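Ready to practise reading a protein model? Work through the exercises below with the structure open beside you, and try each task before you look at its solution.

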Amino acid sequence: MKILVVGGAGYIGSHVVKALLKAGHDVTVFDNMSSGREENLFPQAGFIRGDILNTKDLDSCLSQGWDAAIHLAAFKAAGESMLKPEKYSINNITGTLNLLNGFAEYGVKKVVFSSSAAIYGEPQYLPIDENHPKDPENYYGFTKLEIERFLHWYDKLKGIRFAALRYFNAAGYDIDGEIKGLEQNPANLLPVIMEAAAGWREALKVFGNDYDTKDGTGVRDYVHVSDLADGHVKALNYITEKDESLIVNLGSEEGLSVLQLLEAARKVSGREIPADIVERRPGDPAKLVASSSLAKELLGWEAKYSDVESLVRTSWDAYKDAKK
Ligand code: WQD
């Protein structure tokens, strides 16, 4: 298939491009390079520099004709979204509506969309399945939930089939070590631990150790980015073959605490990795774990590389020789 990957130079996007190329697709990246990295572009894939907020960029790209699009272009910092909601409204919501209108106009009938576990909010029960109440705690999660709703309507009214993939905590780097572009100014746990291990920051700040969890620190479902990438290929096959839309969680179904990841990183890197316990971060639930049984049932998808060892080892492989 001829596939456009919007946001394909980013952290998750670049892994998705790799998986699509491996599956034999003809892939082109569309990215404004605001957080995408040159090193993440594959020579075997096309590249169009453009912005989803610029309808001229979109017209000239979409008029080239595409069988499917993967849409990963979004801002994703939950904390920032509470301080600058306008930025998230414009980029995530307006940008996506521009894309959907373009898809409708130029006949792109299949879309895989990066949704998020952030749409669920504070867990009412665990593990979280797709029917869990949707009550986002942050504006970022709200933008993803609203986009899922738009997708339903564009399916109904314009015949655009979609797969909304609700990622839990994406982590790790390419298992073959081929993708080298590191995220700039990361706020997520594993890259922060890696920056501390590399000596780029003084210490990890552990946000609270008095949660009701196994060791008092926050527990999350970390899913390897190569597993997520594989989920996109399978989801695209599903909506193509079945001609119906799909919503699934993608998670490892395993809960790992902050201290478990830290200890594993110390072991793998052989570095001390200083860490300080500080106050809880507002809005952090104690524990989030996915049920991914629907993805298994419908797509035959299962996390293969999301064990703590693989998450940390692939991350350290990317960080250990990198320059800040
Ligand atoms: C993980 C755990 C922190 C940093 C966010 C988004 C969510 C989703 C995934 C995309 C928590 C602790 C973290 C640090 C720490 N994104 N932590 N020190 O908040 O679970 O989810 O990314 O859709 O929408 O909100 O991820 O990596 O920030 O935190 O102790 O420096 O690590 O308290 O327990 P989070 P995270």
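**Exercise 1: A pocket and its lining**

By class, five nonpolar, two polar and seven charged residues make up the lining of the second largest pocket. Keep in mind that this is a predicted model.

Task: Find out what volume the second largest pocket has and which element gives the largest share of its lining.

Solution:
- Step 1. Begin with the space itself: the volume of the second largest pocket is about 270 Å³.
- Step 2. Now look at the walls, where 14 residues line this pocket, and A19, K22, I175, S226 and D230 are the closest to its centre.
- Step 3. Match the residues to elements: α1 and α7 (225-242) are the ones that give two or more residues to the lining.
- Step 4. The largest share comes from α7, with five residues.

**Exercise 2: A salt bridge across the chain**

Task: Work out how far apart the closest N and O atoms of K18 and D174 are, and whether these two residues are buried or exposed.

Solution:
- Step 1. Recall the general idea: side chains of opposite charge can pair when their charged atoms come close.
- Step 2. Check the distance. The closest N and O atoms of K18 and D174 are 3.1 Å apart, and a salt bridge needs them within 4 Å, so the pair qualifies.
- Step 3. Place both partners in the chain: K18 sits in helix α1 (residues 11-22), while D174 belongs to the loop between β7 (169-171) and α6 (189-197). The pair is 156 residues apart and links distant parts of the chain.
- Step 4. Both K18 and D174 are buried.

**Exercise 3: Partners that are partly exposed**

Task: Decide how E302 and K296 should be classed, buried, exposed or partly exposed.

Solution:
- Step 1. Identify the contact: E302 and K296 form a salt bridge, with 3.5 Å from N to O.
- Step 2. Use the cut-offs: buried is under 20% relative accessible area, and exposed is over 50%.
- Step 3. E302 has 47%, so E302 is partly exposed. K296, at 44%, is partly exposed too.
- Step 4. Elsewhere, salt bridges with shared partners join K18, D174, D176 and E178 into one network.

**Exercise 4: Around the ligand**

Task: Find how many residues surround the ligand.

Solution:
- Step 1. There are 19 residues around the ligand, and S116, Y140, K205, R220 and D284 are the closest.
- Step 2. Look at single contacts: a side-chain N or O atom of R220 is 2.6 Å from a ligand oxygen. For R281, the distance to a ligand oxygen is 2.8 Å.
- Step 3. Finish with D284, where a polar side-chain atom lies 2.6 Å from an oxygen of the ligand.

Conventions: Residues numbered from 1 in each chain as written. Predicted model: local features only at pLDDT ≥ 70, side-chain atom pairs only at ≥ 80, totals over all residues. Heavy atoms only, no water. Salt bridge = Lys/Arg side-chain N within 4 Å of Asp/Glu carboxyl O. Helix = DSSP H or I, 4+ residues; strand = E, 2+ residues; numbered from the N terminus. Buried < 20%, exposed > 50% of the residue type's maximum accessible area, 1.4 Å probe, protein only. 1 Å grid on protein atoms, 1.4 Å probe; cavity = no way out; pocket = protein on both sides within 12 Å on 5 of 7 lines; lining within 4 Å. Points joined across faces, edges and corners; volume = space filled by probe spheres on them. Nonpolar A, V, L, I, M, F, W, Y, C, P; charged D, E, K, R; others polar. Near = heavy atom within 4 Å. Polar contact = N/O pair within 3.5 Å; in protein donor to acceptor, adjacent residues only side chain to side chain.
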